[in-house]
Amino acid sequence: MARKRKKKIRWNIGMIVFLGIFIYVIINIVSFFGKKKLTVYKVTKDKITTTFSFTGIALRDEELLEASQSGYITYYVEEGKRVRKSGTLYILDKDGKVQETFADQVQALRGKGEELDDEEVQKKVSEFQSIYNDNHFSDVYGLKYDLKNVILDLNEDSMKEIIDAVTKELGKNSFHTEISPASGPVSFYSDNFDKVKEEDIKKNDFDQGKYRMVSYNSSDQVKKGNVVCRVMKSENWELVVPLEKEQYDQLKGHDSVTVKFQMDQKKTSADLEVKKKGKDYFGYLTLDDYAVRYLDERYLDIDIILDSYEGFKIPESAIVKKKFYQVPVEFISKGNDGEEEGFSVRTTTDDGEIKVEQKDYNIYQKTDKYCYLDPEEVGENVLLQSMNSDKTYLVEKMKTLEGVYCTNHGYAQFKLVEKLAKKEDDCIVAEDTSYGISLYDFIVLDGSTIEENQIIY
């Protein structure tokens with residue numbers, strides 16, 4: 001049986017052309033799916049506000065009063081209220097019996113016509129009802145002490161009359177009366193930051209797990225030397241906040257900022273100073289408002305709001321970097337009309353003759369000291385001649401500037417940008433940058449997907 005012969009493929013010009021086209025298509029398909037996609041972005045105008053969130057430590061201008069003896073304390077001004085200088089703050093007695101005598105005298109005075117502030121009592125009860133929760137029954141004791149302070153809140157003449165009566169009945173040494181050394185709002189607590197100054201604050205002070213505070217109410221037993229009352233002498237107060245290095249760098253150029261309190265969204269302005277202490281960074285905010293509003297708050301959650309920046313909004317991914325020649329501005333020369341800027345290029349011919357020729361290189365950016373030129377336009381080994389002296393300058397030093405690729409004319413054209421602010425994946429750039437972008441320009445969304453001068457379509 002004869003074996004079958006394999007048919008030989010007969011190549012012709014048509015098959016060769018078809019095979020070439022097929023291979024070309026396959027290569028292009030692989031290339032298309034393998035390379036980054038080119039996407040353009042339309043430049044728009046927008047505004048970015050830079051905000052930092054912190055938990056700050058509040059420090060106030062306070063007079064701290066310490067218990068002169070151990071015993072039981074009775075306050076005769078309501079917490080949070082303002083006391084006048086030399087006004088009665090509280091009394092201390094060793095066994096609590098004097099308090100009963102004081103209470104009897106207060107009741108007797110009420111019977112003579114001293115009016116109780118019913119409106120204030122109703123206010124306290126209404127406030128308590130609005131926040132009461134069965135899971136926090138202990139808050140009832142807070143209401144009890146608040147009402148007791150309201151009831152004991154007498155005018156100074158009445159207070160003097162009661163003290164005189166108790167002194168006459170029990171003797172001068174049976175109790176101690178404390179008067180206020182200054183005028184201002186009062187609060188009754190002691191904590192870790194008694195007598196602490198701003199320069200004493202350390203990084204670990206912001207760990208609220210280590211914070212300890214003791215609140216006092218009438219009838220509480222206190223120990224000699226304990227801080228039992230504080231009088232805020234001034235509306236000026238401070239907030240100390242911890243900073244990261246990046247936040248320190250961004251804030252150190254600002255003398256004042258806007259502060260928003262997260263508790264109730266109130267805003268105010270504050271003077272700002274930032275400092276580095278060892279490896280740590282801190283911000284010191286000086287305020288002259290809302291001190292009474294947050295009288296009992298040691299830790300405050302705040303936002304620091306910097307100035308808003310308005311300009312062109314572009315994606316951060318669009319920004320690319322390009323090197324430019326850095327040339328001292330003293331080598332910029334003026335044309336015959338004294339207005340157009342150019343450069344005097346000095347060359348030496350083969351026979352040693354020196355020639356100076358005027359060149360109108362594009363100045364992409366200019367500062368007080370330097371201007372920046374495109375290396376592709378200038379070329380290499382260019383020597384500039386100063387028109388005001390014999391100085392020469394070899395153009396070779398470079399600096400990197402930021403820009404984007406604009407696609408308006410069908411190819412990737414580099415245009416400078418001046419970044420003003422950044423937020424997440426976007427940034428705001430200046431509107432009036434020389435050789436920069438304009439409103440509604442089309443730019444490459446991802447600058448890494450294209451080369452400068454590359455044809456797009």
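Over which residues does pLDDT stay under 50, with 8 contacts beyond four places in sequence in the model? The stretch in question is residues 140-145, where pLDDT is the predictor's confidence in each residue on a scale from 0 to 100 and a contact means heavy atoms within 4.5 Å. The structure is a predicted model, in which local features need pLDDT of at least 70 and side-chain atom pairs count only at pLDDT 80 or more, whereas totals for chains, interfaces and linings use all residues. Residues are numbered from 1 along each chain as its sequence is written, and side-chain values use heavy atoms, with hydrogens and water left out.

Across the protein chain the pLDDT averages 83, and 81% of the residues score at least 70. Residues 113-118 have a pLDDT below 50, and the model gives this stretch 10 contacts beyond near neighbours in sequence. Where pLDDT is low, the predicted coordinates should not be read in detail.

The protein chain contains 7 helices and 28 strands, taken as DSSP runs numbered from the N terminus, with helices being H or I runs of at least four residues and strands E runs of at least two. Of its 457 residues, 39% count as buried, a class defined by a relative accessible area under 20%, with exposed set at over 50% and partly exposed in between (1.4 Å probe, protein chains only). Among contacts with a separation of 6 or more, 75% are between residues 24 or more positions apart. The exposed surface of the protein chain comes to about 27,800 Å², of which carbon and sulfur atoms supply 47%, the areas coming from the Shrake-Rupley method with a 1.4 Å probe and, for residues, with only the protein chains shown counting as cover.

The largest nonpolar core (buried Ala, Val, Leu, Ile, Met, Phe, Trp, Tyr and Cys residues joined through side-chain atoms within 4.5 Å) has 26 residues, and those with the most contacts inside it are W237, L239, L251, F261, L285 and I302. At least two residues of this core come from each of β2 (44-66), β11 (227-243), α6 (245-251), β12 (256-261), β13 (267-277), β14 (280-287) and β15 (299-315), and the largest share, 5 residues, is that of β11. Beyond its neighbours within four places in sequence, I302 contacts F52, S53, F54, L239, V241, V259, K260, F261, Q262 and L285. A second, separate core of 16 residues includes I73, Y75, V83 and V186. In the loop between β12 and β13 lies D264, which is partly exposed at 26% relative accessibility and touches R293 and Y294 when residues up to four places away in sequence are not counted.

Side chains of opposite charge can pair when their charged atoms come close. With a salt bridge taken as a side-chain nitrogen of Lys or Arg within 4 Å of a carboxyl oxygen of Asp or Glu, the count comes to 23 salt bridges. E402 pairs with K419 in this way, their closest N and O atoms being 4.0 Å apart; because E402 lies in strand β24 (residues 398-406) and K419 in strand β26 (residues 419-423), the pair ties together parts that are 17 residues apart in sequence. E402 is partly exposed at 25% relative accessible area, and K419 is likewise partly exposed at 32%. In the salt bridge between K81 and E78 the closest N and O atoms are 3.3 Å apart; K81 is partly exposed at 32% relative accessibility, whereas E78 is buried at 3%. D249 and K252 form a further salt bridge at 3.9 Å, N to O, and D46, K313 and D426 are linked in a network of salt bridges.
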